[in-house]
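These are my notes from going through the structure shown here, kept in the order in which I looked things up.

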Amino acid sequence: QVHVVESGGGLVQPGGSLILSCEASGTIVRRNAVAWYRQVHGMRRAVVASIVSSGQTFYEDSMESRFTISRDCAENKTFLQMNSLKPEDTAVYYCGEELDGGVGYWQIFWGQGRRVTVSS
């Protein structure tokens, strides 16, 4: 069984910074990619950034200059550093881990979500 736990987030003023972390634990045979998504109430979950096993990163266009995704493979942790935050970044952020939990194929495991509120 695989568990994904996120931490970080909270309330920050516009222009401020926050960091989110994501840790996967349990039976993990292989790891493929990790992505951060965000969801505004009433809207679909949308990808923010992702990182694959090679270390290559991908960003949604409007976030590439402000957000940085990174991972610590030894600790099975992934981070999302968010700078120059704007009120429109307010959302619940989710970590999705694509890995093989011992079943022989990729599955995506989700964390519980962390709320980020950008407000003065």
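**Entry 1, the disulfide.** I began with the cysteines of this predicted model, and found that C22 and C95 form a disulfide with their sulfur atoms 2.0 Å apart. I noted that the structure holds one disulfide, and that the angle about the S-S bond is -70°, which makes the link of C22 and C95 left-handed. I then asked which parts of the chain the pair ties together. C22 lies in strand β3 (residues 18-26) and C95 in strand β9 (residues 91-100), so the disulfide connects parts that are 73 residues apart in sequence. I also looked up the burial of the two cysteines, and both C22 and C95 are buried.

**Entry 2, the aromatic pair.** Next I went through the rings, where the count comes to one aromatic pair. The partners are Y37 and W110, arranged edge-to-face, with 5.0 Å centre to centre and 65° between the planes. I placed Y37 in strand β4 (residues 30-39) and W110 in strand β10 (residues 107-110), so this pair, too, ties together parts that are 73 residues apart in sequence. Are the two rings' residues buried, exposed or in between? I found Y37 partly exposed, because its relative accessibility is 22%, and W110 partly exposed as well, because its value is 37%.

**Entry 3, charges over rings.** I then looked for charged ends placed over aromatic faces, and wrote down that the charged end of R30 sits over the ring of W106, 4.3 Å from the ring centre. I also recorded R45, which lies over the face of Y94 at 3.6 Å from the ring centre.

**Entry 4, strand β4 and its partners.** I followed β4 to see what it pairs with, and found that β4 and β9 pair in the antiparallel sense over nine bridges, while β4 and strand β5 (residues 46-52) pair in the antiparallel sense over six bridges. A33 let me see both pairings from one residue, since I found it opposite E98 in β9 and also opposite V52 in β5. The hairpin of β4 and β5 has six residues between the strands, and I noted there that G42 takes a positive phi near 85°.

**Entry 5, the hairpin of β9 and β10.** I turned to β9 and β10, which pair in the antiparallel sense over four bridges, and I took E97 as an example, its bridge partner in β10 being F109. The two strands form a hairpin with six residues between them, and G102 in the turn has a positive phi of about 105°.

What does the side chain of D100 reach? I found that it comes to the backbone nitrogen of G102 at 2.8 Å, and that D100 itself has its place in strand β9. I recorded D100 as buried, because its relative accessibility is 4%. Not counting residues up to four places away in sequence, D100 touches T27, I28, V29, R30, Y105 and W106; R30 and W106 are the residues I had already noted for the charge over the ring.

**Entry 6, S84 and R66.** I checked the backbone angles further and stopped at S84, which has a positive phi of about 50° although it is not a glycine. I kept a reminder beside this entry that most residues other than glycine have a negative phi. I located S84 in the loop between β8 (77-82) and β9, and at 40% relative accessibility it counts as partly exposed.

Which side chain has a polar atom 3.0 Å from the backbone oxygen of S84? I traced that atom to R66, whose place is in the loop between β6 (57-59) and β7 (67-72). R66 counts as buried, because its relative accessibility is 9%. I also found a polar contact of 2.7 Å that joins the side chains of R66 and D89. Leaving aside its neighbours within four places in sequence, I listed the contacts of R66 as Q81, M82, N83, S84, L85, K86 and D89.

How values were computed:
Residues are numbered from 1 along each chain as its sequence is written. This is a predicted model: local features need pLDDT of at least 70, side-chain atom pairs count only at pLDDT 80 or more; totals for chains, interfaces and linings use all residues. Side-chain values use heavy atoms; hydrogens and water are left out. A disulfide is a pair of cysteine sulfur atoms within 2.5 Å. Buried means under 20% relative accessible area, exposed over 50%, partly exposed in between (1.4 Å probe, protein chains only). Rings of Phe, Tyr and Trp (its six-membered ring) pair if their centres lie within 6.5 Å; planes under 30 degrees apart count as stacked, over 60 as edge-to-face and the rest as tilted. A charge sits over a ring if NZ of Lys or CZ of Arg is within 6 Å of the ring centre and within 35 degrees of the ring normal. Two strands pair if DSSP finds at least two bridges between them. A polar contact is a pair of N or O atoms within 3.5 Å; within protein, one must be able to donate a hydrogen and the other to accept it, and residues adjacent in sequence count only if both atoms are side-chain atoms. Contact means heavy atoms within 4.5 Å.
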